[in-house]
There are 2 protein chains.
Amino acid sequence: MARPREFDEDAVLDAAVACFWRHGFDATSIRDLIGETGLTAASLYNAFGDKRSLFRLALERYIEGGIGQRLARYQEVSPLEGVRGYLRDVVERSLNDPANKGCMVVNAALEFATRDSEFRPMIAGTFARIEAFFLDCVRRGQHDGSVTRALADEDLARHCLAVLMGVRVLARIRPERAVLDGAVAALLRSLEARPDEGLLISRNDHAEIRPDTP
Amino acid sequence: MARPREFDEDAVLDAAVACFWRHGFDATSIRDLIGETGLTAASLYNAFGDKRSLFRLALERYIEGGIGQRLARYQEVSPLEGVRGYLRDVVERSLNDPANKGCMVVNAALEFATRDSEFRPMIAGTFARIEAFFLDCVRRGQHDGSVTRALADEDLARHCLAVLMGVRVLARIRPERAVLDGAVAALLRSLEARPDEGLLISRNDHAEIRPDTP
DNA sequence: TGCGTTTTAGTATGAGCGTTCTATAATGAC
DNA sequence: GTCATTATAGAACGCTCATACTAAAACGCA
């Protein structure tokens, strides 16, 4: 029993995601949001609270719509296909995005890294979800013999995560297919089981990087 | 034949690097710089121009002092040692930095990615220098037999670059030794030559990621 | 038809921003 | 000692920012 809203909340949130994704939190002004969403400042504040809470809603929307869907899609397939599909999807979307917006979560991770931020749990949690996806792929692959046992499952999963993050950064500043495909192809090759490898999974003592520690 | 400056320009630039490194360009205010350097706004503007030109000087200083020195140090050693030393250095410094500032160039890359920026050539050029370093390591290693020939040198170098970028991102939001060491250890293992591998260096057709293209 | 409630529209506000301006102070040259 | 030149100190400027405020408008219900 009151005046109804004149806008579609989902559409407004999509517009907010577009703004924040492209320019980040600080560089997006309320005026930008007003321009992109079409509503007034009063409506924005009334419906979504202040800038921080709107950003939170936009980030949540991005994570569920963007990353959650991708995770769900590729956890259905075979282990190596999961990793490959996920990374190829990221590469293709990156190369097809003329604005080179990268990943909103990675962007937010760097923007909020040095401030005490309410967003850090969301960001770290999202990275943890992705790492868990890779870990699941690796474990299934080590079990069915498609993924190498020469390294610990956690290390391989973190390797995947690092390459994903690296691709996200490189795609923004140097969006060339050769660069992104090359990095991903090498990662995928490194995951494959070698025909002569033993059956024992090695401990993750990280002797490769720190050989002088026992 | 005029009043001399009362400050040490190098010390002031170091303070500017500290500010911009920690908070980025936008989030660093002139007042922050005044507080950190001890100069007045008039002296800052008189000596270094506006905020953008000061940032340029700070970024140049960071690149030469931080990255250039590291590149020089590790291009003297054996191929795999070069890659390992470079990445271990980055990991150790990341874990020892309580502020988790990451890499100023990576931070700047994401901050300026979507604006038309005078800084992009500096940033992309720095990434290209690092990639060239990795490529040199890989080529020398493929020549002396320490690095795998199963993948093209450029792909392996880009793989190193991607992991480096990934480590830089992860170190800011999840600065745990296990994560960073694990990712790097897996990368280093993937570079090693396998005892049974052929002598031919494969073309970089990236069939691992894009198997359905000829 | 009026009332209570919520949404709109437009404007105002106070803080912070990058930058400039006005003096004043410190030097070397004459 | 005077002058030209440069560096300092601090206030001031114009602008943009996020946000709050004031009315008017649009509904369901009595």
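**Exercise 1. Sort the residues of the surface near DNA strand D by class.**

Solution. Start with the rule for "near": a residue qualifies if one of its heavy atoms lies within 4 Å of the strand. Next, the classes: Ala, Val, Leu, Ile, Met, Phe, Trp, Tyr, Cys and Pro are nonpolar, Asp, Glu, Lys and Arg are charged, and the others, Gly among them, are polar. The tally for this surface is 10 nonpolar, five polar and seven charged residues. Keep in mind that this is a predicted model, where local features need pLDDT of at least 70, side-chain atom pairs count only at pLDDT 80 or more, and totals for chains, interfaces and linings use all residues. Side-chain values use heavy atoms, without hydrogens and water, while residues are numbered from 1 along each chain as its sequence is written, with chains lettered from A and ligands numbered from 1 in the order in which they are written.

**Exercise 2. Work out which residues come closest to DNA strand D and which part of the strand they meet.**

Solution. Of the 22 residues around the strand, the closest are Ile30(A), Tyr45(A), Lys51(A), Glu6(B) and Asn46(B). Now look at the strand's own atoms within 4 Å of the protein: 73% belong to sugar or phosphate, and the rest to bases.

**Exercise 3. Find polar contacts to phosphate oxygens of DNA strand D, then the elements behind the surface.**

Solution. A polar contact here is a pair of N or O atoms within 3.5 Å; within protein, one must be able to donate a hydrogen and the other to accept it, and residues adjacent in sequence count only if both atoms are side-chain atoms. From chain A, a side-chain N or O atom of Tyr45(A) sits 2.8 Å from a phosphate oxygen, and a polar side-chain atom of Lys51(A) lies 2.7 Å from one. From chain B, Arg5(B) puts a polar side-chain atom 3.0 Å from a phosphate oxygen. Two elements give two or more residues each: helix 2 (30–37) of chain A and helix 3 (41–48) of chain B. Helices are DSSP runs (H or I, at least four residues), as are strands (E, at least two), numbered from the N terminus. Helix 3 of chain B has the largest share, three residues.

**Exercise 4. Do the same for contacts with DNA strand C.**

Solution. Take the phosphates first: a backbone N or O atom of Glu6(A) lies 2.7 Å from a phosphate oxygen, and a side-chain N or O atom of Lys51(B) is 2.7 Å from a phosphate oxygen. Then the bases: a polar side-chain atom of Arg3(B) lies 3.0 Å from a base nitrogen.
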